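Work through the exercises below with the structure in view. Each task is followed by a stepwise solution.

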Amino acid sequence: MTKSVVLASASPRRTALLKQMNIKHRIVPADIDETPRVNETPEALVERLAAEKALAVKSALEASSEFADDDVILASDTLIAFNGESVGKPIDKNDARRILRMLSGNTHDVLTAISVLDKTHQRTETVVTQVTFATLTDNQIDAYWETGEPADKAGSYAIQGIGGEFVVSINGSASSVVGLPLYETRQLLNAFGV
């Protein structure tokens with residue numbers, strides 16, 4: 001029996017990474033509340049969100065009788081952690097400035113959780129990558145905001161885009177920072193028969 005992968009994400013970056021891995025898939029975006037819980041650590045938050053996305057898509061597919069026995073759902077969530085606190089997407093230009101000033105000249109963690117489930121079980125893993133930023137000027141931050149790139153990105157930057165020019169070093173999985181750790185995703189999907 002050939003397994004069918006369902007990506008629980010509308011992210012074009014995750015789709016591109018799966019295509020790079022030559023993994024055929026269909027896209028069914030998850031719609032969940034991503035509000036952090038009180039005192040929830042970044043690790044707990046990213047793992048919970050990835051797991052909940054997978055479960056939400058499974059429920060939606062089951063409700064419409066579209067969840068086949070050979071379906072394997074892959075969900076992922078990525079967030080930035082700095083000094084033990086979660087850093088999400090910016091609310092507006094001022095919030096992006098605040099976030100980028102905070103990351104400027106510092107090292108932060110990028111946490112990407114991947115969750116895979118089928119009819120009988122679910123596994124969730126988190127990959128942590130350390131990213132060191134150059135020191136940024138306010139002019140650089142403002143010019144970057146004007147590109148539109150940081151508006152919907154965790155940590156207000158896209159490493160695969162213009163924001164990559166701020167990155168001095170990466171310790172860990174570069175693809176995880178983009179949104180899907182290739183090695184760990186392949187291992188987890190293999191464990192589910194993909």
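**Exercise 1.** State the volume of the largest pocket and describe its lining.

Step 1. The largest pocket has a volume of about 780 Å³. On a 1 Å grid over the protein atoms alone, a pocket is an open set of points where a 1.4 Å probe fits, with protein on both sides within 12 Å along at least five of seven lines; lining residues have an atom within 4 Å of a point. The volume is the space filled by probe spheres set on the points, which are joined across faces, edges and corners.

Step 2. Lining residues number 34, and Glu34, Asp77, Thr78, Lys89 and Ala154 are the closest to the centre.

Step 3. Strand 3 gives the most, with four residues. Strands are DSSP runs of E, at least two residues, numbered from the N terminus.

This is a predicted model: local features need pLDDT of at least 70, side-chain atom pairs count only at pLDDT 80 or more, and totals for chains, interfaces and linings use all residues. Residues are numbered from 1 along each chain as its sequence is written, and side-chain values use heavy atoms, without hydrogens or water.

**Exercise 2.** Place isoleucine 170 and list its contacts beyond four places in sequence.

Step 1. Isoleucine 170 is found in strand 7, residues 167-171.

Step 2. Isoleucine 170 has a relative accessible area of 37%, so it is partly exposed (between buried, under 20%, and exposed, over 50%; 1.4 Å probe, protein chains only).

Step 3. Leaving aside neighbours within four places, isoleucine 170 is in contact (heavy atoms within 4.5 Å) with Thr129, Gln130 and Ile159.

**Exercise 3.** Give the span of the C-alpha trace along its principal axes.

Step 1. The trace of the protein chain spans about 55 × 35 × 25 Å.
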